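Student: I have a protein model open and would like to practise reading it. Could we go through it together, one question at a time?

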Amino acid sequence: MSAPTKPYCILIAALGGEGGGVLADWLVQCARDSQLPVQATSVPGVAQRTGATSYYIELLRQPLPPGSGTPVFALTPVPGCVDVVVASELLEAARMIERGFVNSRTSLLASTHRVYTTLEKMHMADGRQDPQRLIAAARALARQAVLFDMETLTAQAGTVVSAVMFGALSGAGVLPWSREVCETVIRASGRGVSASLAGFAAAFDAAGQPQAEDQQVSPDAQQVLSDAALPAPLAQAWREQIRPWPVPVQLLAAHGALRCRDFQHDAYASDFLHRVQRLVSASAYDASEALEEAVRHLALWMCFEDVIRVADLKTRRSRFQRVRTEAQARADDIVRVTEHFKPGIDEVAAVLPKALGARLMALATRRGWLGKAHVGLHIRSTSLWGYLMLRFLARLRPLRPRSLRYTQEHEAMAVWLQAMCQLLPASPALALQVAGMPQVLKGYGDTQVRGRLNYARLWAVHVVPALLGDMDLTAAASALKQALAATLADPEGKLNAGHRPQGNTHPVFWASVAPGSGSPVP
């Protein structure tokens, strides 16, 4: 087939509601205005986030001579035979690569932002795909890779991503017609012309710039503390405390201290740094990975999610602004946000003082109320009454250290910290796995209960025998790694069926040394 009569194939991968059909219509109209034969088809599908439709366009890059007949176009794309792939999101681009539509013939234009899939969100640890791997695959396989953040340009222009994708196609020089033809078609399309033209222009310029390798420069710990709104004496004290530590630990500790300060207060953040100091002092020279993992999970664990924390986060100004931005609300639009809660007895007991909460839990256990007594609440956080109700819960923060949940978390945390100090010099491999165990402790309510059972099972089966010398440390590290992976892949807690405490018994956390004392357990 000669070049003038060889179809030029364009594949559009877009999520539902992103205007992929509009983009396909624009491309078809541009081809018609340029007197080019064209055909467009669409295949609806699902992308685990929302509806996803692939739009496929075949056209000729030159008008047919008179009397040459009608060209025959394909209805669906063929792997290895696509000239241009444009994707509205990075994982959609990876999906096109996986299906074989991107090769040395293909120009790939894609956004680098992410819309996380259901599986990524459901994962009990960090289930996100590595964006750098996806970008590297795109650059390695495509003839030309034009990658930039289309979502940011879309938000700045106040349009939808289809206009930005159109501008990227034109700016990258992969369309057989001029920019003026594209803009004329947009002007004739009706509503939102100004915003669409603005998004088109921004993407045209971005696609025409040289595509450099992504270079992410992370600030150091001193810069992180300097940028935070901290009292000068406190910031100076923290800088001096973390300066002797390994550089990666310094950065983790700085972020962790700021997180703990936001969670509770200055003294709580200083307590976090004191615990990090214990880990650093106990760490062996070859345990850097385990040490970094321990510091990261310690910061997350100390900022556990209870009702007080959730109410605080849901009523922050930054959260309301983010919701408005995601909803693409204009300045004069009214946005109402309704929060869905289903508190149970365990969540009520968690914020009560330790003794009172423990008695309530014991009573609920005896009478079989746990898991049954729930109240469904729909609270509109944008209304005065709903906002004040949630702010009242958030204001209970000073009472948190006396609560049942706080006591439970910090008792388990103290034993974990002591075990880490024992294992870091003895077995960095096992210490690395124990450092990751707090991943199973998440959320509140039923999720938190399952997490505590998971943690107790892993601790009793894998950690205790290693601490007592009943299991080889290398074998224990391997077994715990497999068990932790299986637990993180079991969000419903089915693995706990054979280890669930019976009656009024409670999980027991064992340690060879009493937490914080340095002396053997009597």
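Student: How do the residues lining the second largest pocket divide into nonpolar, polar and charged?
Tutor: Happy to start there, and keep in mind that this is a predicted model. The lining of this pocket is made up of 30 residues. They fall into three groups: 11 nonpolar, six polar and 13 charged.

Student: Which helix gives the most residues to the lining of the second largest pocket?
Tutor: Several helices give two or more residues to this lining: H3 (118-122), H13 (288-302), H14 (307-314), H19 and H21 (446-467). Nearest the centre of the pocket lie Met124, Ala125, Leu300, Glu305 and Lys442. The helix with the most lining residues, five of them, is H13.

Student: Which helix gives the most to the largest nonpolar core?
Tutor: This core holds 65 residues, and those touching the most other members are Phe272, Val276, Leu279, Trp416, Met420, Val434 and Trp459. The top contribution is 11 residues, and it comes from helix H19 (residues 404-426).

Student: How are the rings of Phe263 and Phe304 arranged?
Tutor: Look at where the two residues sit: Phe263 is in helix H11 (residues 247-263), while Phe304 is in the loop between H13 and H14, 41 residues apart. Both Phe263 and Phe304 are buried. Their ring centres are 5.3 Å apart and their planes meet at 65°, and over 60 degrees counts as edge-to-face, so the pair is edge-to-face.

Student: And how are the rings of Tyr455 and Trp459 arranged?
Tutor: These two are four residues apart in helix H21, so about one helical turn separates them. Tyr455 is buried at 2% relative accessibility, and Trp459 is buried too, at 1%. With ring centres 5.8 Å apart and planes at 20°, which is under the 30 degrees cut-off, the pair is stacked.

Student: Is Gln433 buried or exposed?
Tutor: You can find Gln433 in helix H20 (residues 428-435). Leaving aside neighbours within four places in sequence, Gln433 is in contact with Ala477, Leu480, Lys481 and Leu484. Its relative accessibility is 13%, and under 20% counts as buried, so Gln433 is buried.

Student: Which residues do ring pairs link into a cluster?
Tutor: A search of the whole structure turns up 10 aromatic pairs. For the cluster, look for the residues that ring pairs link together: Trp26, Phe166, Phe200 and Phe204.

How values were computed: Residues numbered from 1 in each chain as written. Predicted model: local features only at pLDDT ≥ 70, side-chain atom pairs only at ≥ 80, totals over all residues. Heavy atoms only, no water. Buried < 20%, exposed > 50% of the residue type's maximum accessible area, 1.4 Å probe, protein only. Contact = heavy atoms within 4.5 Å. Core = buried A, V, L, I, M, F, W, Y, C linked by side-chain atoms within 4.5 Å. 1 Å grid on protein atoms, 1.4 Å probe; cavity = no way out; pocket = protein on both sides within 12 Å on 5 of 7 lines; lining within 4 Å. Nonpolar A, V, L, I, M, F, W, Y, C, P; charged D, E, K, R; others polar. Phe/Tyr/Trp six-rings, centres within 6.5 Å; stacked < 30°, edge-to-face > 60°.
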